[in-house]
Amino acid sequence: MAETVDIFHLPSSIKPAVVKEKIYNAEGETFSLRYPELSGEEMKHTIEAVLEKRSQYLKDLPVSSIVSTIDEAVRLWLNPDYHLRELAEKLLPAVTGYDSEMIRLELKRYMRTFRKKELLRFLEEEFDSPGMLDEFRPRKSGGLSRAYGPDLIFHVFSGNVPGVQLWSLIMGFLMKSAHLGKTSFSEPVLPVLFLKSLAEIDENLAEAAAVLPWHGGNSEMEAPALESAEAVIVYGSDKTVNSIKKRLPEGKCLLAYGHKISISMIGKEALTPDLYARTARRLAEDICIYDQQGCLSPQSVYIEEGGTVEPRRFAQLLGSELARYEKKRRRSVLSEEEHLSIQRTRGKYELEKLKGSRTAVYKDGMNTGWTVVFQEGSGFEASPLNRFVHIFSVQELEGCIGNLQPYKKYMQSCGLAVLPDRLMDISAKLGEAGISRICPVGEMNRAKPGWHHDGSFNLLSLARVIDIERNAEEDMERYDPDVE
């Protein structure tokens with residue numbers, strides 16, 4: 001008999017009339033994943049319910065209390081025997097297709113980024129005084145200021161990488177906003193289970209959020225959401241972002257995280273006899289975690305000539321590391337279209353080699369498990385993803401960065417391995433080319449709390465600030481009858 005799991009979270013006052021299900025098999029068990037199909041009227045009632053809970057409870061909670069509640073929920077998830085973590089570790093591989101061991105390790109790493117100390121760093125990073133989310137606080141230049149978050153945030157989540165939804169939800173809770181979240185059927189599990197954890201600790205806090213899956217473009221459900229929300233946060237393809245942008249009423253705050261591309265740059269100093277193997281291993285991990293489906297994984301890699309290991313040899317070594325990783329943590333099952341995309345792209349470069357180009361293709365035989373395309377010169381290529389990477393051999397890293405300029409609006413992260421005295425100069429040049437995050441090779445998929453996502457602020461982008469000017473404070477004194 002199938003175990004029933006709700007992949008939706010609604011305020012207790014909302015009882016959906018239509019509930020459907022999807023059946024999944026996970027580790028020998030059968031699960032019935034239930035989700036509602038709300039009418040436009042039910043969606044309006046859901047929005048009213050989360051806004052009411054915000055008004056009655058959430059907006060008056062000290063931000064320190066919200067941080068403590070989230071921290072308690074995270075600590076539950078750091079326990080391997082916690083029942084919702086065990087459920088997630090069963091369901092997520094079945095729903096997403098990702099390797100179960102990869103999900104187990106990355107889920108725990110990701111949850112650690114939301115512990116109390118990390119959230120406090122996140123708040124301090126963006127607000128000189130996080131207390132301004134609770135009350136008016138003195139400004140250095142005189143006067144007082146207070147920050148307010150949106151009454152309601154409408155989140156449009158992608159389903160390519162588990163956990164991204166939590167970042168957005170937690171950000172909204174810190175701003176004391178009610179939530180309406182649209183999840184993808186590709187990954188509707190984790191945000192709901194996390195809200196269940198919050199409900200175990202503070203049911204009223206969890207009641208200020210509604211999260212459920214539906215197919216994009218459903219105007220009956222999305223029109224009330226877009227009309228009611230003060231802010232909309234969208235993750236996904238440029239097509240998804242543009243679709244929401246066209247329908248968003250004027251004056252709304254939109255944070256859009258669309259299509260982005262990341263790269264790696266490896267200096268000759270990382271290719272010495274004692275370092276090249278570690279460098280290849282860490283780069284392989286950046287490529288393999290979640291099969292490059294997130295915007296943080298590298299698609300093009302620039303290898304500097306002059307190291308003990310030359311770039312072509314390094315490309316071969318990287319292929320061996322990808323093959324080893326495939327045996328340890330298999331790639332997700334691909335669609336026929338994804339297989340064909342990899343085969344077509346491989347064929348393109350194999351044909352170039354036959355025509356005399358100094359190109360090499362290292363691959364998983366006739367399988368599509370992994371692919372490394374080696375080229376000489378400082379070009380740029382996007383990847384069909386799923387452990388497919390381009391390696392470029394360059395004379396000097398600093399000299400190839402200009403080639404990224406045409407793709408500036410798509411640039412995201414760069415995994416970097418160079419001498420310390422090259423870090424600042426290369427980082428400055430990468431910043432001019434559109435890169436918004438520099439990190440070590442091997443850490444590309446593990447952005448730190450408080451990072452400026454796509455080069456922007458997070459909480460501040462949602463904040464509305466009210467100022468009481470210094471002379472207003474002074475002028476009010478004259479109305480006090482005890483003041484001469």
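These numbered points go through the fold of a predicted model, from the whole chain down to single pairs of residues.

1. On the whole chain: the secondary structure of the protein chain comes to 17 helices and 18 strands. Its radius of gyration is 25 Å, close to the 23 Å that the globule rule gives for 484 residues, and the chain is therefore as compact as a globular protein of that length. Taken along the principal axes, the C-alpha atoms fill a box of roughly 90 × 70 × 45 Å.

2. On burial and contacts: of the 484 residues in the protein chain, 54% count as buried, while the surface that the chain exposes comes to about 21600 Å², with carbon and sulfur atoms supplying 48% of it. If one takes the contacts between residues at least 6 apart in sequence, 74% of them join residues that are at least 24 apart.

3. On the seven-stranded sheet: this sheet is open, its pairing is mixed, and its strands follow the order β13-β14-β15-β12-β11-β16-β17. The edges are held by β13 (359–363) and β17 (437–440), and because each of these has a single partner strand, one side of each is left without a neighbour in the sheet. Neighbouring strands here are turned by 20° against each other on average, direction ignored.

4. On one pairing inside that sheet: as a general point for a student, strands of a sheet pair through backbone hydrogen bonds, either parallel or antiparallel. Strand β14 (residues 371–376) and strand β15 (residues 388–394) pair in the parallel sense, over six bridges, and within this pairing V373 has H390 of β15 as its bridge partner.

5. On the helices beside that sheet: helix α12 (residues 311–328) packs on the sheet and touches β11 (261–266), β12 (298–304), β13, β14 and β15, with a direction that makes about 175° with that of β14. Helix α13 (residues 336–354) lies across β13, β14 and β15, and runs at about 145° to β13.

6. On the three-stranded sheet: another open sheet with mixed pairing has its strands in the order β1-β3-β2. Here β1 (3–6) and β2 (19–26) stand at the edges, each with a single partner strand, so that one side of each has no neighbour in the sheet. The average turn between neighbouring strands of this sheet is 30°, direction ignored. Strands β2 and β3 pair in the antiparallel sense over eight bridges, and K20 has Y35 of β3 as its bridge partner. Helix α3 (residues 83–96) packs on this sheet, where it touches β1, β2 and β3, and its direction makes about 80° with that of β3.

7. On the aromatic pair of Y35: the structure holds eleven aromatic pairs, and one of them joins Y35 and F185, whose ring centres are 5.0 Å apart and whose planes stand at 75°, so the pair is edge-to-face. Since Y35 lies in strand β3 (residues 29–36) and F185 in the loop between β7 (178–183) and α7 (190–201), the pair ties together parts that are 150 residues apart in sequence. Both Y35 and F185 are buried.

8. On the aromatic cluster: F114 and W167 form a tilted pair, 6.4 Å centre to centre and with 45° between the planes. F114 lies in the loop between α4 (100–112) and α5 (116–126), whereas W167 lies in helix α6 (residues 164–174), so this pair ties together parts that are 53 residues apart in sequence. Both F114 and W167 are buried, and together with Y110 and F122 they form one aromatic cluster.

Definitions and conventions
Residues numbered from 1 in each chain as written. Predicted model: local features only at pLDDT ≥ 70, side-chain atom pairs only at ≥ 80, totals over all residues. Heavy atoms only, no water. Pairing = 2+ DSSP bridges. Helix = DSSP H or I, 4+ residues; strand = E, 2+ residues; numbered from the N terminus. Axes fitted to C-alpha atoms, helices over the stretch in contact; angles between N-to-C directions. Contact = heavy atoms within 4.5 Å. Rg over C-alpha atoms; globule rule 2.2 N^0.38 Å. Buried < 20%, exposed > 50% of the residue type's maximum accessible area, 1.4 Å probe, protein only. Areas by Shrake-Rupley, 256 points an atom, 1.4 Å probe, with all protein chains shown as cover. Phe/Tyr/Trp six-rings, centres within 6.5 Å; stacked < 30°, edge-to-face > 60°.
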